[in-house]
Every structure is written in C-alpha cells, then in structure tokens.
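This report introduces one molecular structure to a reader who has not seen it before. Its topics are the fold as a whole, an annotated site, the ligand and some points of backbone geometry.

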Amino acid sequence: MFDLDGTLIDSVPDLTVATDQMLVQLGRAPAGMDKVRNWVGNGAPMLVRRALADGFAEQHISAEQEAQALAIFMQVYGTGNSLTTLYPGALETLQSLKMLGVKLALITNKPEKFIPELLAEMQIAEYFEWVVGGDTLPQKKPDPAGLLWVMQQAGVTAEQCLFVGDSRNDVQAARSAGVACIAVTYGYNYGEPISAENPALVLEDLRELFL
Ligand SMILES: O=C(O)COP(=O)(O)O
Ligand SMILES: [Mg+2]
C-alpha cells in the first residue's frame with residue numbers, strides 16, 4: 001500500500017499554485033512553496049485551513065471564509081498538474097512490484113476527485129488495484145480505515161502487507177492497522193525527519209526496497 005503525495009509524486013508545486021491563487025483571490029499574500037510543503041498531509045480542507053491561519057496557530061477563521069477558500073482551491077487545483085512530477089525511482093518501483101505479482105493499493109489524503117486524472121498523467125494508474133482518497137471513507141489517515149478497507153478487499157492480513165509513506169500520518173495509520181511502515185525521507189512530514197516516528201524502515205530512495 002502506497003501513499004501518494006510526497007512518496008510517489010512531488011505535488012507541492014501545483015498545490016502551491018492553487019494555495020497561492022486562493023490566498024491572492026482573497027486579498028492575502030501568497031505563501032510560497034516552503035510554507036505549503038509543511039501544510040500538506042491532512043487533505044485539502046486542512047491545507048486551506050492552515051494557509052488561512054498561516055501555519056498551525058489558532059486563529060479564528062469563519063466556516064464561511066473557509067468554505068469560500070476551499071472552493072477556490074479546489075477549482076484552481078482541478079485545472080491541472082503540469083508542475084507535478086514522479087520522484088526518481090517511483091515508476092521503476094511500481095513496475096518491479098507488479099512484475100513480482102505484488103498487488104498494489106494507493107491510500108492518499110488527497111480528495112478523490114483529483115486522483116484519476118493525476119494517476120493517468122503520471123502514467124501510474126494501471127498499477128493500483130485499489131485507490132482510497134481522503135474523502136472516500138468517513139476517516140482519513142492517520143486513521144487506519146483506508147488500510148483496513150484495502151486489506152479486507154484484498155483478503156489479506158496485516159502481516160501480509162506493507163505501507164510506504166512520507167508522513168507521520170502514514171506511520172500512525174499503519175501502526176494502528178498493525179501494518180509495518182516503510183517511510184521515505186524526501187517527502188513532506190511537516191518539515192520534521194520521519195525517522196522520529198520510528199517506522200520499520202527508512203529509505204532515501206524507493207529503489208532501496210530491492211537492495
Ligand atoms: O493531500 C494531502 O494532504 C496529502 O496526501 P497524501 O496522503 O497522498 O500524502
Ligand atoms: Mg504523503
């Protein structure tokens with residue numbers, strides 16, 4: 001089971017465009033990529049909330065402002081993924097796993113509606129038998145629901161699975177599901193080293209899976 005943003009794809013450039021356009025349309029200063037990278041991880045509504053609050057500080061943003069901002073973000077982000085790229089080794093890793101007969105699932109906090117086009121553009125849609133978005137189920141990561149749903153669909157136990165992700169949400173979701181988590185160092189863990197979450201294994205490159 002794979003996470004998407006920060007693990008297989010570097011989506012922060014396009015997420016930044018959508019966040020900054022949202023902020024500018026609301027008369028605010030653009031945030032830029034360094035800030036947005038640290039706001040990714042809990043889905044689009046949380047990214048927008050963090051951008052409006054400019055970080056994790058408690059600030060009062062009305063539900064109405066938040067809904068308006070989210071609508072702008074969703075509209076702009078839906079216009080394309082032209083700046084999004086696969087990380088080095090991501091495609092090779094999926095290809096190798098598929099050749100080995102390993103069944104693959106994608107479990108992301110990204111809203112479901114953006115996933116099919118993005119996977120098609122990155123040419124990785126064919127690798128995933130199951131895809132769970134951030135709003136596919138009532139709970140998103142760090143809740144283990146997505147992992148448990150995939151395991152049930154695939155008819156496998158936790159010991160037969162691995163989860164590969166970049167954020168503490170991934171490590172926590174895997175831990176709660178009883179699944180070993182492999183974490184990559186290059187993703188977006190709120191600017192913190194992922195090793196602090198004690199995943200089973202830490203990789204700098206997905207291809208290390210085959211060493
Ligand atoms: O959309 C997000 O906030 C993060 O998505 P991810 O779960 O694929 O990393
Ligand atoms: Mg991620």
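## Overall fold

Of the contacts in the chain with a separation of 6 or more, 59% are between residues 24 or more positions apart. The model is a predicted one. Its chain has eight helices and seven strands.

The radius of gyration of the chain is 17 Å; a compact globule with 211 residues would have a value near 17 Å, so the two agree. Along the principal axes, the C-alpha atoms fill a box of roughly 50 × 30 × 30 Å. Buried residues make up 40% of the 211 residues of the chain.

## The annotated binding site

An unreviewed UniProt entry carries the annotation "binding site", which covers Asp3, Asp5 and Asp166. These residues span 164 residues in sequence, yet no two of their C-alpha atoms are more than 8.1 Å apart, so they gather at one spot.

Aspartate 3 is placed in the segment before strand E1, which runs over residues 9-10. Is aspartate 3 buried or exposed? Aspartate 3 counts as buried because it has 28 C-beta neighbours inside 10 Å, and the cut-off for a buried residue is 20 or more. Leaving aside residues up to four places away in sequence, aspartate 3 touches Ile107, Thr108, Val164, Gly165, Asp166 and Asp170. One of these contacts, Asp166, is itself covered by the "binding site" annotation from UniProt.

Aspartate 5 also lies in the segment before E1. Aspartate 5 is buried, since 23 other C-beta atoms lie within 10 Å. Its contacts, again not counting residues up to four places away in sequence, are Ser11, Val40, Thr108, Lys110 and Tyr188. Thr108 is thus touched by aspartate 3 and by aspartate 5.

## Surroundings of the ligand

How many residues surround ligand 1? There are 15, and the closest are Leu4, Asp5, Thr108, Asn109 and Lys110. Asp5, which is among these closest residues, belongs to the UniProt "binding site" annotation. Thr108 and Lys110, also among the closest residues to ligand 1, are contacts of aspartate 5.

Sorted by class, the shell around ligand 1 has eight polar, four charged and three nonpolar residues. Where does ligand 1 lie with respect to domain 1 and domain 2? Domain 1 covers residues 12-77 and domain 2 covers 83-210; both give residues to the shell, so ligand 1 lies between them.

## Points of backbone geometry

The peptide bond from lysine 141 to proline 142 is cis, and its omega is near 15°. Proline 142 is found in the loop between strand E4 (130-132) and helix H7 (145-154).

Two residues that are not glycine are described here for their positive phi. Glutamine 123 has a positive phi of about 60°. Its place is the loop between helix H6 (115-121) and E4. Glutamine 123 counts as exposed because it has 11 C-beta neighbours inside 10 Å, and 12 or fewer is the cut-off for that class. Tyrosine 190 has a positive phi of about 55° and lies in the loop between strand E6 (180-184) and strand E7 (201-203). With 15 other C-beta atoms within 10 Å, tyrosine 190 is partly exposed.

Note on methods: Residues numbered from 1 in each chain as written. Chains lettered and ligands numbered in written order. Predicted model: local features only at pLDDT ≥ 70, side-chain atom pairs only at ≥ 80, totals over all residues. UniProt positions renumbered as here; feature names shortened; annotations may be inferred. Helix = DSSP H or I, 4+ residues; strand = E, 2+ residues; numbered from the N terminus. Contact = placed C-beta atoms within 7 Å. Near = placed C-beta within 6 Å. Nonpolar A, V, L, I, M, F, W, Y, C, P; charged D, E, K, R; others polar. Domains from an automatic or database assignment. Rg over C-alpha atoms; globule rule 2.2 N^0.38 Å.
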